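Biologist: Before we go through this structure, I would like to ask how each label is earned. Could you show it to me and then take my questions in turn?

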Amino acid sequence: MEHGTEPVLIGRRDETRHISGLLGAARTGTGGALVLRGEAGIGKSALLDFAGRDATGFRVVRCSGSRFESDLPFAALHQLCLSLLPHGAGLPDTQREAVQRALDDGSAPTGAFRTNTAVLSLVTTVARDRPLLILVDDAQWLDTVSARTLAFTARRLSAEPVVVLAAQRTPCRACGLDDLPAHVLTGLADEEARTLLPDGGDPRVLERLRAEARGNPLGLRQRLVAGGYAPADTATAPCRVERRYQERFTRASETAKLLLAVASADPTGSPALFWAAARRLGVGMPAAGAVLTGTGLAEVGARVLFCHPLARSACYRAADPRLRRIAHLALAAVTDPDLAPDRRAWHRAQACAGPDDEVAAELERVSPPAGGAGAAAFLERAATLTVDDDRRTDRVLRAAQAHLDAGDTGRAATLLAAVESAALHTEGQVRYDRLRARVAFTRNDGGDGPGLLLSAAERLAEQDPRRSRQYRLDAVEMSLMAGRSDAVTGRLLTGGPGDPVPDLLDVGRLLFGGEHHAAVPLLRDLLREDNRLYEQRPALSYLFTAVLWDPRASADGVGNVMRAARESGSPDTLRLGLSLGASHAAFTGDLTTANALTAREEALARAGGRPPALCHRLHVAAMAGRPRETSELVTRILDASDRTGYLAANAHWATAVTANARTAYPAAMAAAEQAVALGDPLLIGVALPELIEASVRTRRTDRATAALTDLARRTTASATATALGVTAYCRALTTDDEGQYREAVDLLSESLLLPYRGRAHLLYGEWLRRRGRLGESRGQLQAAHRIFTDTSMEAFAKRAATELTATGTAGRPAQPSTGLTSQEQRIAQLVAAGATTKEVATELFLSPRTVDAHLRSIFQKTGITSRRELRRRDGR
């Protein structure tokens with residue numbers, strides 16, 4: 001084979017040294033990854049071959065992408081995992097089942113992230129016996145599922161004896177490989193290029209060859225195959241390289257062309273399948289092997305292999321459509337319909353010259369039942385083969401749905417554009433609007449996703465009122481998650497069908513109408529009666545729960561969202577659960593957990609190629625009292641939103657909190673006024689206390705009194721101790737009533753919302769100090785300082801310390817920082833709670849070896865020497 005010979009390594013000293021360094025580190029237990037990028041023929045495959053030769057003592061496995069398999073999910077993983085599974089003794093049964101299921105029918109029944117962790121576990125299990133080298137060629141053509149899983153795995157190998165080396169022509173943001181370390185290969189220098197040219201010959205011809213190749217090694221060598229006298233053209237080296245393979249295909253005999261078409265059309269590279277197809281086409285086994293090898297383009301061994309990844313695609317493209325159809329038809333005929341019905345149907349579909357309803361129906365029938373990328377590819381091809389317009393549109397819409405489920409928003413949008421002008425009946429138009437809404441929401445490109453859902457709801461208002469209401473709820477859910485609730489509030493509250501059975505839509509209408517005393521009992525009844533609310537409407541259910549001022553109900557809500565995420569396997573729901581959990585932890589003063597959950601949400605966002613969420617990060621920064629970070633997040637949120645929705649209200653609230661903590665009361669009042677003015681009922685409740693304190697401190701008692709009336713109307717509806725306690729200290733601020741301060745301290749003494757408990761002590765202590773009652777003041781201020789210090793609320797702790805100094809007493813110093821990262825904090829918590837290494841690895845999408853490496857770092861930073869001591873320090 002041509003591409004792996006030594007001359008291509010000329011001028012690659014730095015690259016080979018880097019690869020050898022990665023392999024050396026893996027031998028000592030430190031894994032790594034590297035993506036080699038560059039044009040075709042530049043030497044990427046040769047460097048992969050070098051790595052395979054240099055990896056003495058390693059187990060080496062290979063997989064590669066293919067342009068004609070990029071729509072088939074798990075195509076590359078199929079190659080990789082089939083090589084690894086026989087060596088995966090010790091892999092847990094559930095993870096082995098997840099991998100095997102993905103390979104069997106191209107589905108991920110337990111969710112993409114569980115499949116990812118199963119593949120990661122398989123890789124690390126195989127690497128226990130000896131180091132592992134994974135070589136991935138033509139990564140630019142990997143199917144999306146395989147690419148993302150490989151990227152997920154590669155990012156978690158820092159403490160594993162595993163190296164992932166991938167070759168890729170151009171970056172591909174959607175697949176996740178862009179987040180891995182990369183090196184761009186450039187053309188050889190002139191002197192290096194000349195070493196590839198033969199001695200002697202016409203110097204002018206040789207110099208022309210060198211100039212035309214532009215330093216591309218394979219381009220130089222392919223020119224020499226033609227004798228060095230190929231006519232000049234303006235094409236780039238990659239196109240010329242592929243053209244050379246196509247020219248060799250064109251010069252082959254008809255039998256050779258047929259066999260090359262069969263070999264290039266089969267994604268499995270199975271010799272048995274190749275021999276069977278060849279026999280069906282009238283070519284016996286010895287002759288078929290000899291003819292194929294004689295072309296110099298491919299050969300049959302343990303697998304059917306082409307001389308270069310470009311050669312396979314070049315041969316397939318060079319074969320005329322009739323020849324490709326013959327090849328696919330032969331492969332379909334020899335593919336076992338019981339063992340591989342999906343591949344048989346796929347080959348039959350590729351063999352069709354035009355629409356064929358029978359083949360389309362078969363494709364639809366054998367498409368992966370779990371949906372996702374596999375179902376999308378099958379349904380999309382079935383649609384192209386469908387004669388009937390309505391049925392074709394139905395399959396296009398189902399394919400778009402499957403692409404969205406698989407995370408391929410771009411392809412879904414392309415399919416929807418294809419049916420935009422179609423004459424859709426009501427149900428089809430409703431499905432179309434819902435899918436467009438999901439595309440707009442996922443892209444976050446300014447598209448009116450909630451508005452499209454409301455359009456779908458209005459189309460169904462007469463013929464299916466109950467489903468119409470559900471779509472309205474979907475619109476509210478989407479708008480809340482996008483931080484643009486005001487965009488749909490008007491249309492939500494006006495019109496729409498009624499329903500004798502109350503639901504969250506009724507709660508929303510009551511809340512947005514200011515009728516909290518009617519909304520709160522209805523919401524409590526719904527949450528108590530229907531456990532599926534958090535599965536169906538996780539954002540809406542949790543955010544409505546926040547109106548209750550009931551931290552225990554909020555904690556239950558986070559748990560319910562996380563449970564729904566685990567059951568559905570949805571990465572979006574899991575990220576939402578982590579975000580809500582981080583916010584809840586921030587409001588309860590558990591900033592360590594909040595930071596850890598934030599780190600995990602960011603990791604999952606990166607793994608899915610999505611930007612991290614901002615709202616919970618804002619809550620953590622504001623509660624921690626980090627004004628610079630809060631300001632940066634506020635700017636990002638306001639710049640990215642329409643400045644009128646839930647996210648914008650949160651941004652102004654956070655500004656008010658940090659300003660109040662620093663006693664910058666005019667700034668706090670301005671920000672709190674903006675938060676309240678936006679009118680979002682889900683945030684006004686927490687913004688009003690900030691407005692009341694800032695108004696009192698700036699001597700705007702009239703504004704404070706009006707805000708107190710509004711707050712009391714909301715908090716008396718829920719009547720929890722936390723709600724009444726916060727109202728009591730706000731009333732004390734406004735009326736100067738000491739009894740209200742005492743009531744606030746008493747009501748909040750058992751509240752889970754430690755920041756509010758601390759502020760009750762702080763405000764009462766400040767009130768006492770200003771009246772010269774220093775002894776009583778110290779007790780309240782010390783309690784406040786202790787709470788703020790223990791919860792790492794730096795700004796409020798400094799404010800309490802300043803007040804204590806004014807009484808003649810210094811506050812105790814804050815606990816020194818351990819320097820643990822968010823990831824290490826979470827691991828320390830889990831281990832302290834008794835989790836095993838394997839349990840921690842499953843929870844955090846890490847390998848067991850990586851968890852152990854983090855534990856060593858935790859022990860070093862904290863001075864702890866054992867898990868037992870970690871549990872003891874945690875108080876367990």
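Biologist: Why is Cys63 called buried?

Modeller: This is a predicted model, and in it Cys63 has a relative accessibility of 4%; since buried means under 20%, Cys63 therefore counts as buried.

Biologist: What makes Cys81 count as buried?

Modeller: The reasoning rests on a relative accessibility of 2% for Cys81, which is set against the limit of under 20%, so Cys81 counts as buried.

Biologist: How do you know that Cys81 is in no disulfide?

Modeller: A disulfide needs two cysteine sulfur atoms within 2.5 Å, whereas the nearest cysteine sulfur to that of Cys81 belongs to Cys63 and is 8.8 Å away. By this rule the count of disulfides comes to 0.

Biologist: Why is Thr663 called partly exposed?

Modeller: Partly exposed covers values between the limit for buried, under 20%, and that for exposed, over 50%; Thr663 has a relative accessibility of 42%, so it counts as partly exposed. Thr663 lies in the loop between α34 (646-661) and α35 (665-677), and its phi is near 60°, a positive value in a residue other than glycine.

Biologist: What makes Asp736 partly exposed?

Modeller: Asp736 has a relative accessible area of 42%, so it is partly exposed, with exposed reserved for values over 50%. Asp736 is found in the loop between α38 (721-735) and α39 (738-747), and, although it is not a glycine, it has a positive phi of about 65°.

Biologist: How do you know that the span of helix α36 agrees with what is expected?

Modeller: Helix α36 holds 17 residues, 681-697, which at 1.5 Å a residue should span 24 Å, and its end C-alpha atoms are 25 Å apart, so the two agree.

Biologist: Where does α36 bend, and by how much?

Modeller: The bend of α36 is about 35° and falls at Ala687, with a proline, Pro689, following within four residues. After α36 comes Arg699, whose phi is positive, near 60°.

Biologist: What makes α36 mostly covered?

Modeller: Of the 17 residues of α36, 16 are buried, that is, under 20% relative accessible area.

Biologist: How many residues does the protein chain have, and what share of them count as buried?

Modeller: The protein chain has 876 residues, and 56% of them count as buried; the chain contains 46 helices and 7 strands. Its accessible surface comes to about 35500 Å², of which 51% belongs to carbon and sulfur atoms.

How values were computed
Residues numbered from 1 in each chain as written. Predicted model: local features only at pLDDT ≥ 70, side-chain atom pairs only at ≥ 80, totals over all residues. Heavy atoms only, no water. Helix = DSSP H or I, 4+ residues; strand = E, 2+ residues; numbered from the N terminus. Expected span 1.5 Å × (residues − 1). Bend = angle between axes of the 7 residues up to and from the residue. Buried < 20%, exposed > 50% of the residue type's maximum accessible area, 1.4 Å probe, protein only. Areas by Shrake-Rupley, 256 points an atom, 1.4 Å probe, with all protein chains shown as cover.
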